Amino acid sequence: MARERRNSSRRYRTYGSVAYQPEFEQEPVRAPSRRGQQAGNPVRRPQQPRRPQIRPRRQPVVRPSIQVRPQSAVAPFAVVGIFAVLVCTLLLVVSSAKLAVLNNDIVDLRSSLASLQDEGQRLQAKYELIFDLEAIEKQFLSNGSMVRAGAGQTVYLDLSAEDSVVYYDGAKEGLSALLQRAENYLSNLLS
């Protein structure tokens, strides 16, 4: 009978349909007697049994069976794509070569520009030396076409005449001719 009582007091914790760990129902904890307290015995409470750790199931390593596809025909779109990539690569190489040649030409042109600027400055100085004002003055004074004013002479400069401007009449077409006509029209309106 005690055995039946013990079996009936078990509780099973289940996850699903399998019993995991039976626990016995515990009787309520009694307060310790005075004699137990005086003796210095600490009150012990019953410890709950530890739950075992659940270990994951190890599955055996199985190599997957790989089925190899049979070789199929090459897609025409892939061939066109590869051809386009090759053409772009070729164009990149050619343009890089042209860029290197142009850079070399630019360096050569800059060095020739510097030498031409030096030569231009030298020629400008030579040109200015050709037109020596003192030599021109001597030439005009010697033949009598120019007379130098003396100390007692007074020279008058007549500025009473209006300013005059001569336009270039060669432009008959284009933007310059249009601007010239507009300027003539406005000057006629204002006068």
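This tour moves from the whole chain to one nonpolar surface patch and the helix that supplies much of it.

The model is predicted, so that local features need pLDDT of at least 70 and side-chain atom pairs count only at pLDDT 80 or more, while totals for chains, interfaces and linings use all residues. Residues are numbered from 1 along each chain as its sequence is written, and side-chain values use heavy atoms, with hydrogens and water left out.

Begin with the whole protein shown as a cartoon, where five helices and two strands appear, the helices being DSSP runs of H or I with at least four residues and the strands runs of E with at least two, numbered from the N terminus. Followed along the sequence, they give the pattern α-β-β-α-α-α-α. Of the 191 residues, 3% count as buried, a term for under 20% relative accessible area with a 1.4 Å probe and protein chains only, whereas exposed is over 50% and partly exposed lies in between.

Next, select Tyr127, Ile130, Phe131, Leu133, Ile136, Phe140, Leu141 and Met146, which make a nonpolar surface patch of about 790 Å²; patch residues have over 30% relative accessible area and no salt bridge, and nonpolar side chains (Val, Leu, Ile, Met, Phe, Trp, Tyr) are joined within 5 Å. Two elements, α3 (76–130) and α4 (133–143), each give two or more residues to this patch, and α4 brings the largest share, four residues.

Now select α4 alone, in which zero of its eleven residues are buried. Phe140 is found in this helix, and Phe140 counts as partly exposed because its relative accessibility is 38%. Finally, step just past α4 to Gly144, which takes a positive phi of about 90 degrees.

Methods. Patches are made of residues with over 30% relative accessible area and no salt bridge: like charges are joined within 9 Å, nonpolar side chains (Val, Leu, Ile, Met, Phe, Trp, Tyr) within 5 Å. Accessible areas come from the Shrake-Rupley method with a 1.4 Å probe; for residues, only the protein chains shown count as cover. A salt bridge is a side-chain nitrogen of Lys or Arg within 4 Å of a carboxyl oxygen of Asp or Glu.
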